[in-house]
Amino acid sequence: MKVTKTEFKDRQLHIEDYLQMVSAEQKEYAEVSVQSRIAENNDIITDFQMDTLLEKILQSDNLNKAYKKVKSNKGAGGVDGMNVDELLSFLKENQKQLVQKLKDGKYKPNPVRRVEIPKEAKGEIRKLGVPTVVDRVLQQAITQVLTPIYEEQFSENSYGFRPKRGAFDALKQCQQNVNDGYVYVIDMDLEKFFDTVCQSKLIEVLSRTIKDGRVISLIHKYLNAGVISNGMFEKTDVGMPQGADH
């Protein structure tokens with residue numbers, strides 16, 4: 001690609017302006033607490049900051065939608081051996097008791113089943129946790145209610161693990177940035193991020209928006225549910241399981 005002297009000069013000026021902007025941002029960031037950087041729009045107040053969020057999660061329409069999502073995803077069963085095809089009959093017989101347990105704070109999630117799959121890098125493995133199909137329905141029901149809340153807070157420049165966004169969208173944005181004159185794209189990954197998430201910090205962040213303590217407690221129970229690996233139970237005081245296909 002040919003670059004004229006004028007284009008090169010304009011690009012250099014653009015880079016210098018960008019570096020000045022970055023320097024100013026770094027100074028500003030240093031004066032702000034870590035908490036305020038987690039989401040882009042931290043001052044958003046939503047109608048979901050109330051004590052009835054659990055009831056919204058447990059509404060029949062939301063649970064039915066969650067069941068259909070889990071059913072369509074199929075996937076293997078968890079530690080209790082129940083598969084997706086057995087799920088509907090179980091929910092029909094036990095939904096009332098299940099919902100009441102959740103409202104009373106007496107529901108105890110099952111440990112996830114440890115599955116190890118090879119990574120692209122030779123010799124490395126990725127540890128996945130497969131929840132029971134019932135827990136996948138409940139987690140999906142939680143996700144369906146919480147996603148619209150947090151989507152309003154997330155950065156427009158975030159593409160991972162978000163609805164209707166993905167790697168292709170990130171590449172399109174990178175191309176747009178290049179067209180705008182930017183010259184670098186940085187690809188980076190946090191090693192073992194999910195395995196090392198600080199659960200107390202995550203709960204703290206969630207508690208800033210979620211004001212229904214029962215929902216916070218339920219999420220905390222899922223984080224602490226533990227893992228069954230090679231027939232042995234392992235505690236999960238740090239990190240969070242990845243691999244649920246809900």
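These exercises walk you through a predicted model of one protein chain, each with a worked solution.

Before you start, note that residues are numbered from 1 along each chain as its sequence is written, and that side-chain values use heavy atoms, with hydrogens and water left out. In this predicted model, local features need pLDDT of at least 70 and side-chain atom pairs count only at pLDDT 80 or more, while totals for chains, interfaces and linings use all residues.

**Exercise 1. Get your bearings**

Work out how many helices and strands the protein chain has, and in what pattern they follow each other.

Step 1. Look for DSSP runs: helices are H or I runs of at least four residues, strands are E runs of at least two, and both are numbered from the N terminus. You should find eight helices and four strands.

Step 2. Now read along the sequence. The pattern is α-α-α-α-β-β-α-α-α-α-β-β.

Step 3. Finally, check how much is buried, meaning under 20% relative accessible area (exposed is over 50%, partly exposed in between; 1.4 Å probe, protein chains only). Of the 246 residues in the chain, 29% are buried.

**Exercise 2. Explore the core**

Find out which helix gives the most residues to the largest nonpolar core.

Step 1. Pin down the term: a nonpolar core is a set of buried Ala, Val, Leu, Ile, Met, Phe, Trp, Tyr and Cys residues joined through side-chain atoms within 4.5 Å.

Step 2. The largest such core has 35 residues, and those touching the most other members are Leu-53, Ile-57, Leu-87, Tyr-107, Leu-138, Leu-146 and Ile-210.

Step 3. Sort the members by helix: H2, H3, H4, H5, H7 and H8 each supply at least two residues. The winner is H5, with 10 residues.

**Exercise 3. Track the salt bridges**

Say how many salt bridges there are, and explain which parts of the chain Arg-214 and Glu-55 tie together.

Step 1. Start with the idea: side chains of opposite charge can pair when their charged atoms come close. Here, a salt bridge is a side-chain nitrogen of Lys or Arg within 4 Å of a carboxyl oxygen of Asp or Glu. That rule gives a count of eight.

Step 2. Take Arg-214 and Glu-55, whose closest N and O atoms are 2.7 Å apart. Arg-214 sits in helix H8 (residues 213-223) and Glu-55 in helix H2 (residues 53-57), so this pair ties together parts that are 159 residues apart in sequence. Arg-214 is partly exposed at 29% relative accessibility, and Glu-55 is partly exposed too, at 30%. Both belong to a salt-bridge network that also takes in Asp-212.

Step 3. Try Asp-85 and Lys-71, which meet at 3.1 Å, N to O. Asp-85 is in the loop between helix H3 (60-73) and helix H4 (87-104), and Lys-71 is in H3, so the parts they tie together are 14 residues apart in sequence. Asp-85 is exposed, at 65%, whereas Lys-71 is partly exposed, at 32%.

Step 4. Add Glu-151 and Arg-162, with their closest N and O atoms 2.9 Å apart. Glu-151 lies in helix H5 (residues 133-151) and Arg-162 in the loop between H5 and H6, so the pair links parts 11 residues apart in sequence. Glu-151 is partly exposed, at 23%, but Arg-162 is buried, at 7%.

**Exercise 4. Map the surface patches**

Find which residues form a positive, a negative and a nonpolar patch on the surface.

Step 1. Set the rules: patch residues have over 30% relative accessible area and no salt bridge, with like charges joined within 9 Å and nonpolar side chains (Val, Leu, Ile, Met, Phe, Trp, Tyr) within 5 Å. Lys and Arg count as positive, Asp and Glu as negative; His and the chain ends are not counted. Each charge is placed at NZ of Lys, CZ of Arg, CG of Asp or CD of Glu. Areas come from the Shrake-Rupley method with a 1.4 Å probe, and for residues only the protein chains shown count as cover.

Step 2. The positive patch is Lys-119, Arg-126, Lys-127 and Lys-192. Arg-126 is in strand S2 (residues 125-130) and is partly exposed, at 35%.

Step 3. The negative patch is Glu-124, Asp-187, Asp-189 and Glu-191. Asp-189 belongs to the loop between helix H6 (167-179) and helix H7 (199-207), and is exposed at 72%.

Step 4. The nonpolar patch is Val-183, Tyr-184, Ile-186, Met-188, Leu-190 and Phe-193, with about 750 Å² of accessible area together. Leu-190 is in the loop between H6 and H7 and is exposed, at 54%.
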